Amino acid sequence: MGMQGDFYQLLREQGYTLGNPALVGNGQELTSATTILAFKYRDGVLVAGDRRATAGNMVMYDRTDKVLEIDRHSVMAIAGVPATAYEMVRVLEHSFKYYRRTQLQELSFEGKLRAVSKLLKENVAAALAGTGAVVPVFAGYDFEQGTAKIYFYDILGAEFEGVEYAVSGSGSPTIRGILHYVNTWGERPLVALNEEEATIQALRLLTSAAEFDSATGGVNRESNLYPIIKLITQDGVRVVPDDRLKPLFESKVVRHV
């Protein structure tokens, strides 16, 4: 006995060798989605992600949607293996819809959290083998408590509430530090930002992550390619369109010398 730590650590201490998450088949790189973030603002929760999917040092796709709607009031943002994450979202979407149609009411927010955790626990074998790890952020509106909430998970299904914000993916260390600084010593805390201010903050955060993390895709102005940003309020999930992101990026993110 005498050993302390989580299950992941105990496996290592017992000599279990985790699979190589980068290689599958005959040396083929495994596709991975990268940076996602969520934080509370004045009206609800903002969830955002860059558009890049990588395989090792190769950019596989630059138009990935990493913020996936599960129902009218909840989304799951994905970091990790997209194939596994997309399948999880499909299962959750159908499960929530089935419950709504059979019980004639929405599944509770707690029930949704348990459903995400259950899928991640069932995926432990693939995650530990390095072929299906997903580290998501779940956000939604809790009608029982009348507020939007953020939760993040590890690959084993452990669930944690992001009281103010949550991040995941390869660019998350950069973003986490900035979020802490802005939320603690900024002019106003994140929860006081209005919709436009929150959107600008998300654009700046993902641009900073792209500067220091090669797996995070930045804005491509020539291709009119911007991050995915979705807002969750009591009224539901809403996408911030590119024609709104473009002028905000040009006026509030780009440095004009």
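Visitor: Before we start, what does "buried" mean here?

Guide: Buried means under 20% relative accessible area. Exposed means over 50%. Keep in mind that this is a predicted model.

Visitor: Fine. How many residues of strand β14 are buried?

Guide: Strand β14 covers residues 228-233, and 6 of its 6 residues are buried.

Visitor: Which residues sit on which side of β14?

Guide: Ile228, Lys230 and Ile232 are on one side. Ile229, Leu231 and Thr233 are on the other. Both faces of β14 are covered.

Visitor: What sheet does β14 belong to, and in what order do the strands come?

Guide: An open sheet of 5 strands, ordered β13-β4-β5-β14-β15. The pairing is antiparallel.

Visitor: Which strands stand at the edges?

Guide: β13 (165-168) and β15. Each has a single partner strand, so one side of each lacks a neighbour in the sheet.

Visitor: And how much are neighbouring strands turned against each other?

Guide: By 15° on average, with direction ignored.

Visitor: Which helix packs on that sheet?

Guide: Helix α6 does, touching β4, β5, β14 and β15. The direction of α6 makes about 155° with that of β4.

Visitor: Let's walk across the strands. How many bridges join β4 and β13?

Guide: 4 bridges, in the antiparallel sense. Isoleucine 36 stands opposite serine 168 in β13.

Visitor: What about β4 and β5?

Guide: β4 (residues 36-41) pairs with β5 over 6 bridges, again antiparallel. Alanine 38 has valine 47 in β5 as its bridge partner. The two strands form a hairpin, joined through 2 residues.

Visitor: How many residues of β5 are buried?

Guide: In β5, 6 of its 6 residues are buried.

Visitor: Next step. How does β5 meet β14?

Guide: β5 spans residues 44-49, and 5 bridges join it to β14. These strands run antiparallel. Glycine 49 stands opposite isoleucine 228 in β14. Valine 45 has isoleucine 232 as its bridge partner.

Visitor: What does isoleucine 232 face in β15?

Guide: Isoleucine 232 stands opposite valine 237. β14 and β15 (residues 236-239) are joined by 4 bridges and run antiparallel. They form a hairpin with 2 residues between them.

Visitor: Back to α6. How far apart are its end C-alpha atoms?

Guide: They are 26 Å apart. The helix has 18 residues, 195-212, which should span 26 Å at 1.5 Å a residue, so the two agree.

Visitor: Which residue caps its N-terminal end?

Guide: Asparagine 194. A side-chain oxygen of asparagine 194 lies 3.2 Å from the backbone nitrogen of glutamate 196.

Visitor: Which residues of α6 are buried?

Guide: Ala198, Thr199, Ile200, Gln201, Ala202, Leu203, Leu205, Leu206 and Ala209.

Visitor: What do those buried residues pack against?

Guide: Three strands and two helices are in the list: β4, β5, β14, α5 (172-185) and α7 (242-252).

Visitor: New topic. What is the strand order of the sheet that includes β8?

Guide: The order is β8-β9-β10-β11-β12. This sheet is open, has 5 strands and pairs antiparallel.

Visitor: Which strands are at its edges?

Guide: β8 (67-71) and β12 (159-161). Each has a single partner strand, so one side of each has no neighbour in the sheet.

Visitor: What is the average twist there?

Guide: From one strand to the next, the twist averages 25°.

Visitor: How many bridges join β11 to β12?

Guide: There are 3, and the strands run antiparallel. β11 covers residues 147-153. Phenylalanine 152 stands opposite phenylalanine 160 in β12.

Visitor: Which helix packs on this sheet?

Guide: Helix α2, residues 82-103. α2 touches β8 and β9 (74-77), and its direction makes about 20° with that of β8.

Visitor: How far does α2 reach?

Guide: α2 has 22 residues and reaches 31 Å from first C-alpha to last. That is close to the 32 Å expected at 1.5 Å a residue.

Visitor: Which of its residues are buried?

Guide: Pro82, Thr84, Ala85, Met88, Val89, Leu92 and Phe96. They cover an arc of only 155° around the axis, which puts them on the same side of α2.

Visitor: Which residues are exposed on the other side?

Guide: Ala83, His94, Tyr98 and Arg101.

Visitor: Last one. What does leucine 104 do just after α2?

Guide: Leucine 104 takes a positive phi of about 60°.

Methods. Residues numbered from 1 in each chain as written. Predicted model: local features only at pLDDT ≥ 70, side-chain atom pairs only at ≥ 80, totals over all residues. Heavy atoms only, no water. Pairing = 2+ DSSP bridges. Axes fitted to C-alpha atoms, helices over the stretch in contact; angles between N-to-C directions. Contact = heavy atoms within 4.5 Å. Buried < 20%, exposed > 50% of the residue type's maximum accessible area, 1.4 Å probe, protein only. Expected span 1.5 Å × (residues − 1). Arc of directions from axis to C-beta. Polar contact = N/O pair within 3.5 Å; in protein donor to acceptor, adjacent residues only side chain to side chain.
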